[in-house]
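Grab a pencil and work through these exercises with the model open beside you. Try each task yourself before you read its solution.

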Amino acid sequence: MTDFPKDIFTEPQGYSLNTLENLGPFTGMAGIWEGTRGMDRKPKADGPKNQAYVEHIELQPIDPQTNGPQLFYGLRYHSHITKPDQVKTYHDQVGYWLWEPASGTIIHTLTIPRGMTTMALGKSGANAKQFELHAKEGDPCAGISSNAFLDYAFKTVEFHIQVSINTDGTWSYEQDTVLKIQNQADLFHHIDKNTLHQIGEATPNPLAR
């Protein structure tokens with residue numbers, strides 16, 4: 001929403017309880033997915049390094065969410081990433097993809113167990129097959145928060161992610177985490193990208209079962 005109502009308490013009535021039918025641009029993302037050809041461009045002491053990775057991600061629909069008159073449909077996700085042929089976790093991430101039909105607002109939240117959380121915002125049509133979300137240091141609505149060490153040594157100043165829903169039933173993403181690294185003059189673009197293939201169906205949200 002951009003034009004907020006005077007009544008900030010009354011919740012909407014009569015909306016659909018079936019999240020899978022109301023995901024808008026996220027429709028092609030619900031389910032369980034695997035990507036075996038991920039690529040991560042990360043910073044190292046001797047310069048950037050490209051690292052292949054394998055990703056397992058589950059995105060399950062949640063019940064509709066309201067903030068007074070505001071209504072969201074969305075997916076709760078967990079992404080677990082390893083290096084090829086390894087068991088040790090390379091990256092772990094949880095969060096939500098949220099869609100507000102009334103305004104076309106899309107939200108992506110992410111939290112990682114290294115002491116960092118981000119909320120990125122964007123706009124999209126309900127039938128879009130590609131969309132982008134952005135976050136920036138200091139933005140009160142689409143911002144970034146890191147623990148003290150990361151803020152000192154590898155400060156994230158921007159975050160961008162582009163998602164494409166592909167005609168072959170897959171979906172892809174490319175994200176850019178822009179870092180200000182201690183004692184380096186230039187910003188570093190930490191790039192991650194992968195294409196996900198479905199290996200399992202989504203479970204309907206509790207109210208729709």
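## Exercise 1: Two residues in loops

N183 is exposed, with a relative accessible area of 73%. Keep in mind that you're looking at a predicted model.

**Task.** Work out where N183 sits and what its phi angle is near.

**Solution.**
- Step 1: Find the place. N183 is in the loop between β10 and β11 (188–200).
- Step 2: Check the backbone. The phi of N183 is near 70°, which is a positive value in a residue other than glycine.

**Task.** Is D85 buried or exposed?

**Solution.**
- Step 1: Locate D85 in the loop between β3 and β4.
- Step 2: Look at its relative accessibility, which is 86%. Exposed means over 50%, so D85 counts as exposed.
- Step 3: Look at phi too. For D85 it's near 65°, a positive value in a residue that isn't glycine.

## Exercise 2: Ring pairs

**Task.** Decide how the rings of W33 and W171 are arranged.

**Solution.**
- Step 1: Get the distance. The ring centres of W33 and W171 are 6.2 Å apart, and rings pair if their centres lie within 6.5 Å.
- Step 2: Get the angle. The planes of W33 and W171 are at 85°, so this pair is edge-to-face; the cut-off for that is over 60 degrees.
- Step 3: See what the pair connects. W33 belongs to strand β1 (residues 31–42) and W171 to strand β10 (residues 171–181), so the pair links distant parts of the chain, 138 residues apart.
- Step 4: Check burial. Both W33 and W171 are buried.

**Task.** Do the same for W97 and F131.

**Solution.**
- Step 1: With centres 6.2 Å apart and planes at 75°, the rings of W97 and F131 are edge-to-face.
- Step 2: This pair links distant parts of the chain as well: W97 is in strand β4 (residues 89–100) and F131 is in strand β7 (residues 130–136), 34 residues apart.
- Step 3: W97 is buried, and so is F131.
- Step 4: Ring pairs link W97 and F131 with F26 into a cluster. A search of the whole structure finds 6 aromatic pairs.

## Exercise 3: The nonpolar core

**Task.** Which residues of the largest nonpolar core touch the most other members?

**Solution.**
- Step 1: Recall the background. In soluble globular proteins, nonpolar side chains tend to be buried together.
- Step 2: Look at the core here. It has 31 residues, and F26, M29, L59, W97, V163 and W171 touch the most other members.
- Step 3: Ask which strands supply it. Strands giving at least two residues each include β2, β3 (70–82), β4 and β5 (105–112). The largest share, 4 residues, comes from β9.

## Exercise 4: A buried charge

**Task.** Find out what E55 does with its side chain, and whether R114 is close enough for a salt bridge.

**Solution.**
- Step 1: Place E55 in strand β2 (residues 49–67).
- Step 2: Look for a partner. E55 is buried yet has no salt bridge, and the nearest side chain of opposite charge, R114, is 13 Å away. A salt bridge needs the atoms within 4 Å.
- Step 3: Look for another kind of link. The side chains of E55 and N194 are joined by a polar contact of 3.2 Å.
- Step 4: List some neighbours. Leaving out residues up to four places away in sequence, E55 touches several residues, among them W33, H80, Y173 and L196.

## Exercise 5: A salt-bridge network

**Task.** Which three residues do salt bridges that share partners join into one network?

**Solution.**
- Step 1: Start with the idea. Side chains of opposite charge can pair when their charged atoms come close.
- Step 2: Count. The whole structure holds 2 salt bridges.
- Step 3: Take one of them. E137 and K155 meet in a salt bridge of 3.2 Å, N to O. E137 lies in the loop between β7 and β8 (144–146) and K155 in strand β9, so the pair ties together parts that are 18 residues apart in sequence.
- Step 4: Take D151 and K155, whose side chains meet in a salt bridge of 2.6 Å, N to O.
- Step 5: Compare accessibility. K155 counts as buried at 19%, D151 is partly exposed at 37%, and E137 is partly exposed at 39%.
- Step 6: Put it together. E137, D151 and K155 form one network through salt bridges that share partners.

Technical notes: Residues are numbered from 1 along each chain as its sequence is written. This is a predicted model: local features need pLDDT of at least 70, side-chain atom pairs count only at pLDDT 80 or more; totals for chains, interfaces and linings use all residues. Side-chain values use heavy atoms; hydrogens and water are left out. Rings of Phe, Tyr and Trp (its six-membered ring) pair if their centres lie within 6.5 Å; planes under 30 degrees apart count as stacked, over 60 as edge-to-face and the rest as tilted. Buried means under 20% relative accessible area, exposed over 50%, partly exposed in between (1.4 Å probe, protein chains only). Lys and Arg count as positive and Asp and Glu as negative; His and the chain ends are not counted. A polar contact is a pair of N or O atoms within 3.5 Å; within protein, one must be able to donate a hydrogen and the other to accept it, and residues adjacent in sequence count only if both atoms are side-chain atoms. Contact means heavy atoms within 4.5 Å. A nonpolar core is a set of buried Ala, Val, Leu, Ile, Met, Phe, Trp, Tyr and Cys residues joined through side-chain atoms within 4.5 Å.
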